[in-house]
Amino acid sequence: MRRLVTRALLPVALLVMVVSAAGCGEVGEVGGALARVQACDEAVAIAKQTPEEIQGRAPAEVEKRLDQAAGRLDDVAEKAGEKTLREALEGLATAYRELEVADSARAGREVAATTAKYLQVIAAACVMD
């Protein structure tokens, strides 16, 4: 009788292990999707705020705010997970850092144009498959 119970429980134990392993993979996928959604939300917020934050500022203040935005984008890129999204965030951060800010008005136009270009890539990367 004991042997019969052991034989009956073995397939059940194997089934539980397989279902558990599959469940962990799905949890990982959900976690990755959640990280991607959060990264997208943060990235869009940063990209939207940055051009607004530099309007009417002195060149030194514009550079400071662009550098801060670039740092925040780098932080989001680290959490993004998805390659295309990460690369777009890193690209925008680099563009902000490399922007020459001699004239605030001109810098504002360049930031707006650069941000719009990268937002297209970010939006495409944020579309869930």
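In the predicted model, the N-terminal end of helix 4 is capped by Asp103, with a side-chain oxygen placed 3.2 Å from the backbone nitrogen of Ala105. Asp103 itself belongs to the loop that runs between helix 3 (83-98) and helix 4 (104-126). The relative accessibility of Asp103 is 40%, and the residue therefore counts as partly exposed, the class that lies between the limits of 20% and 50%. In space, the C-alpha atom of Asp103 is 6.5 Å from that of Pro59, although 44 residues separate Asp103 and Pro59 in sequence.

Helix 4, which follows this loop, comprises 23 residues. The distance from its first C-alpha to its last is 31 Å, close to the 33 Å expected at 1.5 Å a residue. The buried residues of helix 4 are Ser104, Ala107, Val111, Thr115, Tyr118, Ile122, Ala125 and Cys126. Ser104 and Cys126 on this list are also the two end residues of the helix, given its range of 104-126.

Cys126 takes part in the one disulfide that the structure holds. Its partner is Cys40, at an S to S distance of 1.9 Å. The disulfide links distant parts of the chain: Cys40 is located in helix 1 (residues 2-54) and Cys126 in helix 4, with the two positions 86 residues apart in sequence numbering. The angle about the S-S bond is -105°, and the link of Cys40 and Cys126 is left-handed. Both Cys40 and Cys126 are buried.

Definitions and conventions
Residues are numbered from 1 along each chain as its sequence is written. This is a predicted model: local features need pLDDT of at least 70, side-chain atom pairs count only at pLDDT 80 or more; totals for chains, interfaces and linings use all residues. Side-chain values use heavy atoms; hydrogens and water are left out. Helices (H or I, at least four residues) and strands (E, at least two) are DSSP runs, numbered from the N terminus. Buried means under 20% relative accessible area, exposed over 50%, partly exposed in between (1.4 Å probe, protein chains only). A disulfide is a pair of cysteine sulfur atoms within 2.5 Å. The expected span of a helix is 1.5 Å times one less than its number of residues. A polar contact is a pair of N or O atoms within 3.5 Å; within protein, one must be able to donate a hydrogen and the other to accept it, and residues adjacent in sequence count only if both atoms are side-chain atoms.
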